[in-house]
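The following note was prepared for a colleague who asked for comments on the model. The points are numbered for ease of reply.

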Amino acid sequence: MAESDKTIKQLKTEIDTDLSTFVRQYVAQLKSTTPIRTGRARNGWQQTYRKGRLGKGGSIPIASNAVPYIGVLDEGSSRQAPRGIVEPALNRTRKKR
């Protein structure tokens, strides 16, 4: 294997690892930022995967929440999270890095 191919392979592996770590930390921040009343919205956050071409070309990790009212909460409808959920969690995750 040529040296450049080896370097590219290593970079792709690092990208996959870093992105997966970032999304895992982001999901933890999303959970801690989500207002809690019954716990349903907070427990709805999870790391899922979509097909894509990033890194090794496999699945791309993303944060998702299928709770129907998560968008309303993210718009600041709760006194517990008047600034929303997604953006504050993203900013805190970025600061950790």
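1. Where in the chain is the place of Pro68? In this predicted model, Pro68 lies in the loop that runs between β2 (59-64) and α3 (70-74). Its relative accessibility is 66%, and Pro68 therefore counts as exposed, the cut-off being over 50%. From Pro68 to Arg50 the C-alpha to C-alpha distance is 20 Å, with their positions 18 residues apart in sequence.

2. The chain contains 4 helices and 2 strands. Their order along the sequence is α-α-β-β-α-α. The radius of gyration is 17 Å, whereas the globule rule gives 13 Å for 97 residues; the chain is therefore more spread out than a compact globule. The C-alpha trace spans about 55 × 25 × 15 Å along the principal axes.

3. Of the 97 residues in the chain, 28% are buried. The accessible surface amounts to about 7000 Å², and carbon and sulfur atoms account for 50% of that surface. Among contacts with a separation of 6 or more, 57% join residues that are 24 or more positions apart.

4. Which residues form the largest nonpolar core? This core has 12 residues, namely Phe22, Val23, Tyr26, Val27, Leu30, Ala41, Trp45, Val67, Ile70, Leu73, Ile85 and Ala89. At least two of its residues come from each of α1 (3-33) and α3. The most is given by α1, with 5 residues. As a general tendency, nonpolar side chains in soluble globular proteins are buried together.

5. Val23, one of the core residues, also merits a look at its partners. With neighbours within four places in sequence set aside, Val23 is in contact with Gln47, Pro61, Ile62 and Ala63. Of these partners, Pro61, Ile62 and Ala63 fall within the range of β2 (59-64).

6. Is Thr93 buried or exposed? Thr93 belongs to helix α4 (residues 86-96). Its relative accessibility is 0%, and Thr93 therefore counts as buried, for which the cut-off is under 20%. Not counting residues up to four places away in sequence, Thr93 touches Phe22, Gln25, Tyr26 and Gln29. Among these, Phe22 and Tyr26 are members of the largest nonpolar core.

7. A last point concerns charge. The chain carries 19 positive and 8 negative charges, and the mean positions of the two sets are 10 Å apart.

Note on methods. Residues are numbered from 1 along each chain as its sequence is written. This is a predicted model: local features need pLDDT of at least 70, side-chain atom pairs count only at pLDDT 80 or more; totals for chains, interfaces and linings use all residues. Side-chain values use heavy atoms; hydrogens and water are left out. The radius of gyration is taken over C-alpha atoms; the globule rule is 2.2 Å times the number of residues to the power 0.38. Buried means under 20% relative accessible area, exposed over 50%, partly exposed in between (1.4 Å probe, protein chains only). Contact means heavy atoms within 4.5 Å. Accessible areas come from the Shrake-Rupley method with a 1.4 Å probe; for residues, only the protein chains shown count as cover. Lys and Arg count as positive and Asp and Glu as negative; His and the chain ends are not counted. The place of a charge is taken as NZ of Lys, CZ of Arg, CG of Asp or CD of Glu. A nonpolar core is a set of buried Ala, Val, Leu, Ile, Met, Phe, Trp, Tyr and Cys residues joined through side-chain atoms within 4.5 Å.
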